[in-house]
Amino acid sequence: MDLIDTLVEKGLRRESPTRDEALAVLATSDDELLDVVAGAGRVRRKWFGRRVKLNYLVNLKSGLCPEDCSYCSQRLGSKAEILKYTWLKPEDASKAAAAGVAGGAKRVCLVASGRGPTDRDIDRVTRTIEAIKEENERVEVCACLGLLSDGQAERLRAAGVDAYNHNLNTSEATYGDITTTHTYADRQETVRLAQGAGLSACSGLIAGMGESDADLVDVVFALRAMDVDSVPVNFLIPFEGTPLAEEWNLTPQRALRILAMVRFVHPDAEVRLAGGREIHLRTLQPLALHLVNSIFLGDYLTSEGQEGKADLDMIADAGFEVEGADTTTLPAHRVRSAAGCGGGTCEPCGDARADDAPEPAADETGAARTDLVAVRRRGAGTDLPPNA
Ligand code: SF4
């Protein structure tokens, strides 16, 4: 395939595809799927070898959010029967984080529901980080606390936070359809505040919310323009009791095409397979390891993932290895230029599809698999051990 050969060459040089080329990846047929995965897999291996970074989520505060993000089970008015609790005590959060580290995670992601932290919340998180670092001095810490105010990113950095997560989620054009209580610009501003404080920016998307291919490409290019270090790709978990409960739009093949497109646009950034992988990729999960270099271990914020041991077995069976604490995730050129250069250029648009291109995938509508959505009932906020 000319398209894939071109994108592999670009990816090996850290160049981005054109917008049309990214759209063409999403339009490839099921007949072409393994060629797409193999091509994006070459780019993945060039920058990350066969390493898989494991990340572990600790939901510090769950539910009861005043914001109205339609995809979120913790939103204002959500009827999803999730765990709801206020801030975990530092020692409880540390215990949950330690389980993730013992399971192989090198980064813990401390997440709290809400519009954004108060300065007292930053104090709490600081104490939590101290407790975590007392147990595991070298663990990477990512905070995800919502919209930041001036000075808060600096305080988090001083507390030992390495990275800040705040997703753009979808394109600027459709952001208002998904959330009304804050804007796309608010989200971009928080990513910039984190970067300005020297935190590694983690920002990604949610696919499967009814968006177009153009929306997906727009958000993925917007993230590239912001030069984020880590791009989590979530696939919508259509929780019953949320406005997007009926949005079962993804097939496993479609999910793989999306991941391949993200890899081509972000050849040397950490691309992380995030929420929804089990329910949308299903038996094709191992193929996604050829595209992403990072996944979450175990459970998600409000839903259960597959068993942590199954994650480890999948990685080993597919011929990949868990990234160790001594290895730096990002390629050296990105670590050195963490404050700025994305290093990529776009080439002029070209005709991305061959004349005799196979028929596009016939039916991209996913079947509703509500049977696969399990609300989290273990780990943080419960008396049961975490899944790690
Ligand atoms: S701000 Fe965060 S926790 Fe609140 S509804 Fe939006 S995504 Fe959910």
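Which residues of helix 8 are buried? Keep that one in mind; the tour gets there after a look around. One thing before you start clicking: this is a predicted model.

**The whole protein**

Show everything as a cartoon. You should find 14 helices and ten strands. Turn the C-alpha trace along its principal axes, and it spans about 60 × 45 × 40 Å. For 388 residues, a compact globule would have a radius of gyration near 21 Å, and the protein's 19 Å agrees with that. Colour by burial if your viewer can do it: 53% of the 388 residues count as buried. Among contacts with a separation of 6 or more, 81% are between residues 24 or more positions apart.

**The core**

Next, select Val58, Leu110, Tyr164 and Leu259. The largest nonpolar core has 110 residues, and these four touch the most other members. Now add helix 10, residues 252-265, which gives this core its largest share, nine residues. Nonpolar side chains in soluble globular proteins tend to be buried together.

Zoom in on Val58. Leaving out residues up to four places away in sequence, Val58 touches Ala93, Ala96, Ala97, Val108, Cys109, Leu110, Val111 and Ala380.

**Cys144 and its neighbours**

Select Cys144, which sits in strand 3, residues 140-144. Is Cys144 buried or exposed? Cys144 is buried, because 20 other C-beta atoms lie within 10 Å. Sequence neighbours up to four places away aside, Cys144 touches Cys109, Leu110, Val111, Asn165 and His166. Cys109, Leu110 and Val111 were on the list for Val58 too.

For a distance check, pick Asp326 as well. Cys144 and Asp326 are 182 residues apart in sequence, and their C-alpha atoms are 24 Å apart in space.

**Around the ligand**

Now go to the ligand. The residues around it are Cys65, Glu67, Cys69, Cys72, Gln74, Arg75, Ser113, Arg115 and Gly146. Show their side chains and colour them by type: the shell divides into three nonpolar, three polar and three charged residues.

**Helix 8**

Time for the opening question. Select helix 8, residues 184-196. Its buried residues are Tyr184, Arg187, Thr190, Val191, Leu193, Ala194 and Gln195. What covers them? The cover includes helix 6 (152-159), strand 4 (163-165), helix 7 (175-178) and strand 5 (200-202).

Try the distance between the end C-alpha atoms of helix 8. They are 18 Å apart, which agrees with the 18 Å that 13 residues should span at 1.5 Å a residue. Then step past the end of the helix to Gly198, where phi is positive, near 85°.

**Two loops to finish**

Select Leu64, in the loop between strand 1 (51-61) and helix 4 (90-102). Leu64 is not a glycine, yet its phi is positive, about 60°. With 14 C-beta neighbours inside 10 Å, Leu64 counts as partly exposed.

For the last stop, jump to Arg282. Where is Arg282? You'll find Arg282 in the loop between helix 11 (277-281) and helix 12 (285-288). Arg282 also has a positive phi without being a glycine, at about 45°. With 13 other C-beta atoms within 10 Å, Arg282 is partly exposed.

Note on methods. Residues numbered from 1 in each chain as written. Predicted model: local features only at pLDDT ≥ 70, side-chain atom pairs only at ≥ 80, totals over all residues. Helix = DSSP H or I, 4+ residues; strand = E, 2+ residues; numbered from the N terminus. Rg over C-alpha atoms; globule rule 2.2 N^0.38 Å. Buried ≥ 20, exposed ≤ 12 C-beta atoms within 10 Å, placed from the backbone. Contact = placed C-beta atoms within 7 Å. Near = placed C-beta within 6 Å. Nonpolar A, V, L, I, M, F, W, Y, C, P; charged D, E, K, R; others polar. Core = buried A, V, L, I, M, F, W, Y, C linked by C-beta atoms within 7 Å. Expected span 1.5 Å × (residues − 1).
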